[in-house]
Amino acid sequence: MITPTALREKAETQAARLPPLLARAEHLAGAVLLGDHGRRRAGMGDDFWQYRPAQMGDSLRMIDHRRSAMGDVQFVREREWQIAQSVMLWVDQGASMRFASTPDLPTKAERARVLSLAVSILLVRGGERVGLTGTRLPPRRGNAQILRLAEMFSEDAEEDYSPPEHRAMIPHARAVFISDFMGDIEGVRTALTKAADRGVRGVLCHVLDPAEEAFPFRGRTIFQSVGGTIEHETLKASELKDRYLDRLAARKAELQQLCAIAGWQYGLHHTGSSAQSGLLWLWHALDGGRAGA
C-alpha cells in the first residue's frame with residue numbers, strides 16, 4: 001500500500017512535468033493554422049449551406065418561402081453542420097514507450113504526449129470536446145480540460161505494454177490512438193472492432209524510435225524491455241536483424257489492415273522526425289476523418 005508521503009512525492013513529480021509539457025504542446029499547436037472549422041454537412045450551424053426540395057417530415061418552419069415562391073416546388077434552407085463532436089484519445093503509457101535509443105532523441109512517450117496534447121489544444125480551440133477513452137475523463141471543452149489531459153498524459157504505467165482502452169466509446173465520435181504498438185495485437189483488434197461497431201472513426205499513430213526501424217545492433221547484445229520483464233542475450237545480434245525487420249513489417253501491415261477494416265487512418269511517426277510534421281499529419285488525418293464521418 002502506498003504511503004501518504006510516497007503519494008505526495010509521486011504527485012509532485014507528476015505536477016513538475018506539466019509546465020514543460022504544456023509549453024511544448026502550446027508552442028507546437030501554435031505552428032498549425034486552424035483555418036476554417038466549418039464542416040460541409042447539413043445541420044444546425046448558422047451559415048447557409050444549400051437549398052433542397054422539402055421532404056416528408058420537414059416542418060413548415062423549415063420552408064424558405066422566398067426561394068419556394070420562384071417555382072412550384074417548396075425548398076428547405078439547410079445550414080452548415082457546426083455541431084462540435086467528441087474526440088477521444090488513448091495514449092500508450094506502458095514502459096516500452098519510455099525508450100529512446102540516444103540522449104538526443106525524445107522518448108516515444110514524450111513525443112506521443114506532446115502530439116496528443118497539441119492536437120487536443122487545436123481541437124478545443126476549434127470548439128470540439130476532447131477527452132480520454134474509458135471513463136476517467138469524458139470529453140469536454142475548455143482550457144481546464146487541457147490541464148486535466150496534461151496531468152493524465154504524464155502518468156506512467158508499470159507494465160511493459162498497455163492495451164488500448166476501449167470502454168465508453170461515444171457512438172459516431174472520433175478517436176486517436178498513439179502507441180508503439182509493440183504489445184499483443186489482439187488488444188488493438190478488440191478496440192478497433194468495438195470502435196467500428198459504434199461508428200467511431202479515428203486515427204492510429206504508430207510511434208517508433210529510429211533504432212527500432214534500423215536495428216543497428218552488432219555482436220554481443222543484451223536486449224531488455226524497459227520494464228525489465230523481458231530479457232534476451234545474443235552473441236550475434238546482426239543475425240536477428242532480418243527476422244526482426246520481417247516481424248516489424250508484418251506488424252505494420254496488420255495495423256494498416258485493421259485500420260482499413262475499421263475505417264481508420266494509419267500513420268507512422270519516428271521520434272527522429274520533427275514533432276511538427278507529426279502534428280500536421282495527425283491534424284489533417286483527423287480533419288479528413290471528420291469530413292467522411
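The exercises below work through a predicted model of one protein chain.

**Exercise 1. Overall make-up**

Task: State how many helices and strands the protein chain has, and what share of its residues is buried.

Solution. Start with the secondary structure: the protein chain has eight helices and nine strands. Next take burial: of the 293 residues, 43% are buried. Finally, look at how contacts are spread along the sequence. Among contacts in the protein chain with a separation of 6 or more, 73% are between residues 24 or more positions apart.

**Exercise 2. An aromatic pair**

Task: Classify the geometry of the pair W90 and F181, and say which parts of the chain the pair ties together.

Solution. Step one is the search of the whole structure, which finds four aromatic pairs. One of them is W90 with F181, whose ring centres are 6.3 Å apart and whose planes make an angle of 55°. Step two is the class. Planes under 30 degrees apart count as stacked and those over 60 as edge-to-face, so at 55° the W90 and F181 pair is tilted.

Step three places the residues. W90 belongs to strand β3 (residues 86-91), while F181 sits in the loop between β5 (174-179) and α5 (185-197); the pair therefore ties together parts 91 residues apart in sequence. Step four is burial: W90 has a relative accessible area of 8% and is buried, and F181 is buried at 4%. To finish, widen the view: ring pairs link W90, F177, F181 and W264 into a cluster.

**Exercise 3. Salt bridges between helices**

Task: For the salt bridges of E26, R189 and K252, find each partner, and give the helices involved.

Solution. The principle is brief: side chains of opposite charge can pair when their charged atoms come close. The count for this model is eleven salt bridges.

Take E26 to begin with. Its partner is R125, with the closest N and O atoms 2.7 Å apart. E26 lies in helix α1 (residues 4-30) and R125 in helix α3 (residues 108-125), so this pair ties together parts separated by 99 residues in sequence. Both ends are partly exposed: E26 at 36% relative accessibility and R125 at 46%.

Now take R189. It forms a salt bridge with E254, and the closest N and O atoms are 2.7 Å apart. R189 is in helix α5 and E254 in helix α7 (residues 241-262), which puts them 65 residues apart. R189 is partly exposed at 28% relative accessibility, as is E254 at 26%.

Last is K252, which bridges to E213 with the closest N and O atoms 2.8 Å apart. K252 is in helix α7 and E213 in helix α6 (residues 210-214), so the pair ties together parts 39 residues apart in sequence. K252 has a relative accessible area of 16%, which makes it buried. Elsewhere, salt bridges with shared partners join R98, R113 and D156 into one network.

**Exercise 4. The packing of α5 and α7**

Task: Decide whether α5 and α7 are roughly parallel or roughly antiparallel, and list the residues in contact.

Solution. Two packed helices are described by the angle between their axes and the distance between the axes. For α5 and α7 the angle is about 15° and the axes are 9 Å apart. Angles under 35 degrees count as roughly parallel, so α5 is roughly parallel to α7. The crossing of α5 and α7 is right-handed.

The contact uses I185, V188, R189, L192 and A196 from α5, and R251, E254, L255, L258, C259 and A262 from α7. R189 and E254, the salt-bridge partners of Exercise 3, are both among these residues.

**Exercise 5. The packing of α3 and α4**

Task: Repeat the analysis for α3 and α4, then locate E110 relative to F153.

Solution. Helix α4 covers residues 143-153, and α3 packs with α4 at an angle of about 170°, the axes being 10 Å apart. An angle over 145 degrees counts as roughly antiparallel, so α3 and α4 are roughly antiparallel. Their crossing is right-handed.

On the α3 side the contact residues are R113, S116, L117, S120, I121 and V124; on the α4 side they are I146, L149, A150 and F153. E110 is also found in α3, and is partly exposed with a relative accessible area of 39%. The C-alpha atoms of E110 and F153 are 9.5 Å apart, although 43 residues separate them along the chain.

Note on methods: Residues are numbered from 1 along each chain as its sequence is written. This is a predicted model: local features need pLDDT of at least 70, side-chain atom pairs count only at pLDDT 80 or more; totals for chains, interfaces and linings use all residues. Side-chain values use heavy atoms; hydrogens and water are left out. Rings of Phe, Tyr and Trp (its six-membered ring) pair if their centres lie within 6.5 Å; planes under 30 degrees apart count as stacked, over 60 as edge-to-face and the rest as tilted. Helices (H or I, at least four residues) and strands (E, at least two) are DSSP runs, numbered from the N terminus. Buried means under 20% relative accessible area, exposed over 50%, partly exposed in between (1.4 Å probe, protein chains only). A salt bridge is a side-chain nitrogen of Lys or Arg within 4 Å of a carboxyl oxygen of Asp or Glu. Axes are lines fitted to C-alpha atoms, for helices over the stretch in contact, and angles run from 0 to 180 degrees between N-to-C directions. Angles under 35 degrees count as roughly parallel, over 145 as roughly antiparallel, 65 to 115 as roughly perpendicular and the rest as oblique. A crossing is left-handed if the near helix is turned anticlockwise from the far one by less than a right angle, and right-handed if clockwise. Contact means heavy atoms within 4.5 Å.
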